[in-house]
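Visitor: Please take me through chain B closely, starting with its helices and strands. I'd also like to hear about its contact with chain A.

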Amino acid sequence: MITLLKHEALRTRGMLGIGAGLLALLVLLGTVLSATRWPILAPLGIVFGAVALGVLAPVLQLLLTADYYRSSYSRTGYFTHALPIRGGKIYAAKVIWASIVTIAALAVSLLLAGIYWVGLATFLGADRNPFTAAAGLWDSITAVTSTGLLISGAVFILAMYLVWPVQYFFAVSRGSEMPLNRWGVGGPVLIFVILYVASQLAGMIGLFVLPFGLAMQDGSLGFVPYSLLDDLRLGGGGAEEIMPLGFLPALLLLSVYCLWRTVRSWNRKVSLV
Amino acid sequence: MRYGATKALDDLDLDLPPGQIVGLLGENGCGKTTLLKILAGVLSDYTGEVRVGGYAPGPDSKALVSFLPDTSFLPDAARVRYCLELYADFFADFDEEKARDLIGFFGLNESSRLKEMSKGMREKVQIALAMSRNAKVFLLDEPISGVDPAARDVILDGILRNLADDSLLLISTHLIHDLEQVLDAVVMMRHGKVVLSGQSDDLRSRYSASLDQIFKETYR
């Protein structure tokens, strides 16, 4: 596994470095522009900086997906699939590497957010010290949230990022099996569209079937029973105070299916054309 | 094995013993590449039974098989030196000294990037890597097509330079004239079926003709 991870890193580091570097430059440019407080340019800088910050991890995940296709089902796939290693293990290395990159990208995003804050605060006339701002944000969150919920929230956010490579890789692998493999990248794109529709349906079913949500209760945030069906029957008055969470287990289940099915694809369904 | 309505391989029954060089011959689209891909374990949608060294295509058979596909299968940006590291890391039977010897024999530079090389040079790198494994089975898909006649001889010399006596070398081609002297046996395919197979000497004496002439006659 270590050897597989080593070569994942060696093969993708240049591409990831360029992608992350360009986005970091955009954030810095946005920061500088917003700090100038010039009309038009400063608001543009705020927008560009925020977008670059927000898309850093997703862009790197998409770059890894392109590499996943190239290294598994395009020309270089012939080398990958000729290795005397079970396919599921090679796939596991790719998922682990994508997870490491995602976590690293989120950490870099946090760091860049601190820099970005200096420019934004200058524009807004607020305190420019990012640590003061972060401490204030932390205090306001912990004032209404228990430690358990805070940890759950962090795990939830991380899981929402980590399921994307799993779903992208599923679409690429399933779309590269017979007979879709003759369509080139068309197969993966088709499977991704089907997966997107399936995830929307699964999320919707989850909202109706699993009756719980997140809401403020007695001054703190917590899990509450919540039925979307009842809420709709009563005219939808309660939806603004409660965030339904029933979609979450459904989406996680779908991702577990994607993991299982992609392992099966690597072990039994490889068809390079 | 089917591609849509087309049968790529049809009722194929083949047993290839070790210790020989076998030419897999036939027109484009006759099923040569499909057969090699199945044996290499990169094509799984077939029906029937396949065994390589006693194993069904999978990690165990891949440990015995060195596969050279008819495409550039290494990362374009990689240097030759990195490709050597790649093979050394993943194939227990890879002989790095043998690979360096072949790289030198082909006149290649280890610090060159693949994308800076001509098609013939890249093919030589891939052959140096594939042939430097102490594999039981070598599957080479059209290794000399697309290169000039002078380079073909050098490539063929490189392929045969370190080949062990007990290994099976299955080499697909339609350039039979260039391989005539080195083939111990041939398998001629058409429309996914074997139309003629046997030891080269037996076929030559049976038809009183060279393999090249037999080939032309078979596909007339």
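Guide: A quick word on terms: helices (H or I, at least four residues) and strands (E, at least two) are DSSP runs, numbered from the N terminus. By that count, chain B has 9 helices and 8 strands. Bear in mind that this is a predicted model: local features need pLDDT of at least 70, side-chain atom pairs count only at pLDDT 80 or more, and totals for chains, interfaces and linings use all residues. As for labels, residues are numbered from 1 along each chain as its sequence is written, while chains are lettered from A and ligands numbered from 1 in the order in which they are written.

Now the overall build of chain B. Its radius of gyration (over C-alpha atoms) is 17 Å, close to the 17 Å that the globule rule (2.2 Å times the number of residues to the power 0.38) gives for 220 residues, so chain B is as compact as a globular protein of that length. Laid along its principal axes, the C-alpha trace of chain B spans about 50 × 35 × 35 Å. Of its 220 residues, 40% count as buried, meaning that 20 or more other C-beta atoms, placed from the backbone, lie within 10 Å of the residue's own.

Then there's how chain B is wired. Count two residues as in contact if their C-beta atoms, placed from the backbone, lie within 7 Å. Take the contacts in chain B with a separation of 6 or more: 71% of them join residues 24 or more positions apart.

That brings us to chain A. The contact takes 21 residues from chain B and 20 residues from chain A. On the chain B side, α1 (32–40), α2 (59–62) and α3 (80–90) are the elements that give two or more residues, and α3(B) gives the most, with 3 residues. Split by class, the chain B side has 12 nonpolar, 5 polar and 4 charged residues. Here Ala, Val, Leu, Ile, Met, Phe, Trp, Tyr, Cys and Pro count as nonpolar, Asp, Glu, Lys and Arg as charged, and the others, Gly among them, as polar.

For context across the way, the domain assignment of chain A (automatic or from a database) gives domain 1 (1–144) and domain 2 (147–210 + 246–273). The centres of those two domains of chain A, taken over C-alpha atoms, are separated by 21 Å.

Definitions and conventions. A residue is buried if 20 or more other C-beta atoms lie within 10 Å of its own, exposed if 12 or fewer, and partly exposed in between; C-beta atoms are placed from the backbone.
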